[in-house]
Amino acid sequence: MIKTRLRALLRSLLAAAPLLLAAQPHAAETPWQQTLAEAKGQTVYFNAWGGSPEINAYLVWAGQELERQYGVRLVQVKVDDIAQSVSQLLAAKQAGKRDGGPIDLLWVNGENFKALKEQGLLGAPFTRELPNMALVDGTLPVSEDFTVPVEGLEAPWGIGQLNLMVDGDQVETPPASAAALLAWVQAHPGRFTYPKPPQFHGSSFLKQILLELTSDPAPLYREATDAEFAKVTAPLWAWLEQLHPALWRKGKLFPTGAAETRQLLDDGELAMAISFNPGEAQSAVQNGTLPPSVRAVAMSKGALTNSHFLAIPFNASARAGAKVAANFLLSPAAQARKADPAFWGDPSVLRQEALPGASRPALRFKAKPEPHPSWQLRLEAAWAERYGH
């Protein structure tokens with residue numbers, strides 16, 4: 001009798017098990033599955049530099065994939081300088097607008113990240129929640145951003161190195177030092193220029209030349225003081241005083257950004273243009289937007305090198321969608337496509353074995369790390385005072 005009752009009880013429990021599980025559909029869901037469910041149907045407004053046709057096309061592809069795979073819509077908000085987005089977020093915080101912000105994801109690094117972090121303009125740390133963070137190459141500069149600890153507030157996206165896109169038909173021996181560049185420009189007036197700081201590429205050019213001319217770089221990696229700034233930058237200002245009269249438009253007018261200098265290179269008006277992507281020249285040649293004679297050249301002492309990141313603001317309207325977008329952009333498929341010169345040519349931040357098929361392109365050039373952000377802010381202010389007219 002007892003055995004019969006036990007068998008009956010067991011049969012009833014087995015029969016009820018599917019119903020009990022069906023009554024608790026979320027019991028076995030992981031936090032990431034919950035994020036995916038919350039993100040479905042959201043629109044992510046991604047504030048990103050819009051000056052590159054290749055990058056813009058890549059983000060169109062990424063948006064299509066995000067919508068197809070996850071039901072998340074990605075909208076690129078093209079900006080000239082991400083500092084504009086930082087100011088927008090600061091104004092929102094000061095006005096007490098802590099919800100429903102118009103920016104869900106930011107492409108950011110350097111002094112802009114420092115400002116976002118110090119002003120409390122970012123949400124809670126999120127990178128540990130992203131499954132694809134486990135694939136990131138920890139030997140790359142991804143834990144600090146211009147010497148500022150990242151602490152989970154931004155996810156690495158790619159690696160940049162300053163280089164010159166040089167037209168070999170016009171430049172027989174590409175310059176690989178500040179002295180050689182100055183000599184070439186003076187011998188070929190009007191054939192070179194750089195974007196006007198504080199545009200990113202213009203400010204980066206100033207830092208590259210400062211690193212070239214500095215005998216002791218140690219002060220560059222700590223907070224700048226008045227005395228150290230004046231001493232360390234003196235050779236830079238002397239160099240620019242010699243350079244500017246021989247620049248395009250005699251240094252009286254500067255391009256608004258890298259896109260303009262690249263167009264001037266394509267038009268044959270310039271012989272060199274500044275890039276922060278070691279694969280940009282090859283990519284542009286492949287897609288026909290620069291002549292086949294153009295190639296990338298870096299300073300022999302080392303190229304100014306940094307990581308660029310993705311961050312989520314404190315008042316993002318689609319925080320779950322932003323996490324899903326960031327995780328997708330870190331996926332092997334997205335990173336491999338980004339690294340391919342046929343699409344963008346921006347080096348991956350993933351470990352080589354994590355990528356499908358062809359291996360991740362190695363950083364092309366010897367690397368020089370970014371100075372502390374305080375140096376860039378002072379450089380931009382001092383440049384504006386001297387040459388901003």
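Okay, let me open with a question: is D226 buried or exposed? D226 is exposed, with a relative accessible area of 58%. Keep in mind that what we have on screen is a predicted model.

So who does D226 pair with? Its side chain meets that of R378 in a salt bridge, 2.9 Å from N to O. If you trace the chain, R378 sits in helix α13 (residues 373-387) and D226 in helix α8 (residues 226-243), so this pair links distant parts of the chain, 152 residues apart. R378 comes out as partly exposed, at 29% relative accessibility.

Now, salt bridges in general. Side chains of opposite charge can pair when their charged atoms come close. In this model the count is eleven salt bridges, and I'll pick out a couple more.

Next up is E129 with K323, where the closest N and O atoms are 2.7 Å apart. E129 is in the loop between α5 (111-118) and β4 (144-145), while K323 is in helix α11 (residues 319-329), so the two tie together parts that lie 194 residues apart in sequence. As for their surroundings, E129 is partly exposed, with a relative accessible area of 35%. K323, on the other hand, counts as buried at 10% relative accessibility.

Then there's E280 and R262, whose side chains form a salt bridge at 2.8 Å, N to O. Here E280 belongs to helix α10 (residues 280-286) and R262 to helix α9 (residues 258-266), so the pair ties together parts 18 residues apart in sequence. Salt bridges with shared partners also bring in E54, giving one network of E54, R262 and E280. Both ends of the E280 pair are buried: E280 has a relative accessible area of 16%, and R262 has 8%.

Okay, on to the backbone. Most residues other than glycine have a negative phi, and most peptide bonds are trans. With that in mind, have a look at these spots.

P197 and P198 are joined by a cis peptide bond, with omega at about 15°. You'll find P198 in the loop between α6 (178-187) and α7 (200-213).

T147 isn't a glycine, yet its phi is positive, near 75°. T147 is in the loop between β4 and β5 (148-149), and it is partly exposed, with a relative accessible area of 27%.

And R249, also not a glycine, has a positive phi of about 55°. That residue is in the loop between α8 and α9, and at 47% relative accessibility R249 counts as partly exposed.

That's my tour, thanks everyone.

Technical notes
Residues are numbered from 1 along each chain as its sequence is written. This is a predicted model: local features need pLDDT of at least 70, side-chain atom pairs count only at pLDDT 80 or more; totals for chains, interfaces and linings use all residues. Side-chain values use heavy atoms; hydrogens and water are left out. A salt bridge is a side-chain nitrogen of Lys or Arg within 4 Å of a carboxyl oxygen of Asp or Glu. Helices (H or I, at least four residues) and strands (E, at least two) are DSSP runs, numbered from the N terminus. Buried means under 20% relative accessible area, exposed over 50%, partly exposed in between (1.4 Å probe, protein chains only).
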